[in-house]
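Subject: Handover of a structure

Dear colleague,

Please find below the structure that I am passing on to you. A summary of what was found in it follows.

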Amino acid sequence: MSDEMQSFLLRFLEVMSLLFIFVIGVVLLALMVLYIIDISQTQHAIRRNYPVIGRLRAFFERLGEFFRQYFFAMDREELPFNRAQRSWVYRAAKNVDNTVAFGSTRDLRPAGTVLFVNCPFPTLGEDAVPPAPVTIGPHCEKPFTTSSLCNISGMSFGAISRPAVLALSNGARMAGAWQNTGEGGLSPHHLSGGADLVFQIGTAKYGVRTLDGALDENKLREVAAVDAVRMFELKLSQGAKPGKGGILPGGKVTDEIAAIRGIRRGDDSISPNRHPEINSVADLLDFLNRIRGLTGKPVGFKAVVGAYGWLDEFFTLIKERGEECAPDFITVDGADGGTGAAPMALIDDMGLPLRESLPLLVDKLCAHGLRRRIKVVASGKLITPTEVAWALCMGADFTASARGPMFALGCIQALQCNKNTCPTGITTHNPRLQKGLDPKNKAARVCAYLQNLVHEVGIIAHSCGVPEPRRLKRFHARVVTEGGVSVGLDELFPEVKA
């Protein structure tokens, strides 16, 4: 080796040694600073008792979520949605083969498991028919007739990103489904896709509000003049947070969102926990009819069922005033519904789950003779054919889901909806993260998901011996009891004759 090469290597090693010493010095200095900070602070006992090392606890907690989701949890263990459910949606959205082999991994023994009752003479393919058209709001100037069975539930522009709204709108149009705007108002991105829209009026009345938060009738008429807006939904409560208004952190309130909602950029967008002008069932009925009178379009409301005595009072009042004044539909949201942000106490412990509230609502409508007049939309974890078919058995006319279409968009259940850091670009307004969500590609996936969902609900219906899904009844399914023996849904929830 030449003298120059040896000299160069010696200089290189000397520089690398100095660099290594420098890096070690910086690391030690940083650790010393962290040590002093941790041992001096009084907010965190773990960090005070175990300086520096105690900081790893929070890191491992976050890392634990990742490992449980991808390595340790069984296919049907996870909550709120397990891997088997998510995988079905992903395959349906990609329009790939959704068959499985060897046998079911679903344990059919636990209490509460729903089993559909196959018919000895199932419906032949040539006898099957698509879902029949249903008219909502027959007494309106502009009733809405649709064959759509599975629809997109309320997700506000703001809670979800611009490309996500675009993809959902286009996907809903291609699938023949409707899209609920959520309480954040009507954005250009909802309209660009051409889907049928349900305009949701939340407690803050974003998009149709006066400066002091009351209903602005002129703005409401402007929204009603948009042909794509087919119905109006008054939001009383939401499954994941009954008794709490919508929450959009200020970090997600951009100039565009602020303009649509009628609030200031950067301010937390927090809706009241109820409509201030609605204090009774009479007020609710008056408000619904006021909206219908101003818009000429079908009007309903969305609510979580908890206390339910008010339903009898409400339906009795409708019978007294006349059926034409009734809401055209009711969206019943289960306590198992989702949200971008809510207190854990409400997510975990408030409201009735859909498996109890849906039959309760349907039976009360039947008891008061209003079942044919008022259509029922079921919402709350209805993302696979099994859940949708169950809802139809229990009496729903339509189903709506937000998280199913979110999975079709590419949601990985990262549980960061309440932050501006969604890694898939769905619930963030960070342009860098939104780049990963291509609206055209994802619209095709949303469409495929909705179409495959309806198709497989049809397969269940045909196996039960009916030609189309809306003809499913409670006797077509059974539920496993604590003793391990199943009973018919019609025995567990005896149908009330309309």
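Contact, as the word is used here, means heavy atoms within 4.5 Å. Please bear in mind throughout that this is a predicted model.

With that meaning of contact, Pro-385, Thr-386, Val-388, Ala-389 and Leu-392 of helix H13 meet Leu-453, Glu-456, Val-457 and Ile-460 of helix H16. By character, the residues of this contact comprise seven nonpolar, one polar and one charged. Helix H13 covers residues 385-393, and its axis lies 9 Å from that of H16, at an angle of about 60°. The angle classes place 65 to 115 degrees as roughly perpendicular and under 35 as roughly parallel; H13 and H16 are therefore oblique to each other. The crossing of H13 past H16 is right-handed.

Helix H16 also takes part in an aromatic pair. The structure holds nine aromatic pairs, and one of them is formed by Trp-88 and Tyr-449. Their rings are 6.2 Å apart from centre to centre, with 75° between the planes, an edge-to-face arrangement. Trp-88 belongs to helix H4 (residues 83-94) and Tyr-449 to helix H16 (residues 439-463), so that the pair links distant parts of the chain, 361 residues apart.

A second helix packing involves H9 (residues 281-295) and H10 (residues 309-321), whose axes come within 9 Å and cross at roughly 55°. That angle makes H9 oblique to H10. The crossing of H9 and H10 is right-handed. On the H9 side, the contact is made by Val-281, Ala-282, Leu-284, Leu-285, Asp-286 and Leu-288; on the H10 side, by Trp-310, Glu-313, Phe-314, Leu-317, Ile-318 and Arg-321. Nine of the residues in the contact of H9 with H10 are nonpolar, three are charged and none is polar.

Finally, I turn to a sheet. Strands of a sheet pair through backbone hydrogen bonds, either parallel or antiparallel. Here, three strands form an open sheet in the order S1-S14-S15, with antiparallel pairing. Strands S1 (114-116) and S15 (486-488) are the edge strands, each pairing on one side only. On average, and with direction ignored, neighbouring strands of this sheet are turned by 35° against each other. Strand S14 (residues 477-480) runs antiparallel to S15 and is joined to S15 by three bridges. Arg-478 has Gly-488 in S15 as its bridge partner.

Yours sincerely

Methods:
Residues numbered from 1 in each chain as written. Predicted model: local features only at pLDDT ≥ 70, side-chain atom pairs only at ≥ 80, totals over all residues. Heavy atoms only, no water. Axes fitted to C-alpha atoms, helices over the stretch in contact; angles between N-to-C directions. Helix = DSSP H or I, 4+ residues; strand = E, 2+ residues; numbered from the N terminus. Parallel < 35°, antiparallel > 145°, perpendicular 65-115°, else oblique. Left-handed = near helix turned anticlockwise from the far one by under 90°. Nonpolar A, V, L, I, M, F, W, Y, C, P; charged D, E, K, R; others polar. Pairing = 2+ DSSP bridges. Phe/Tyr/Trp six-rings, centres within 6.5 Å; stacked < 30°, edge-to-face > 60°.
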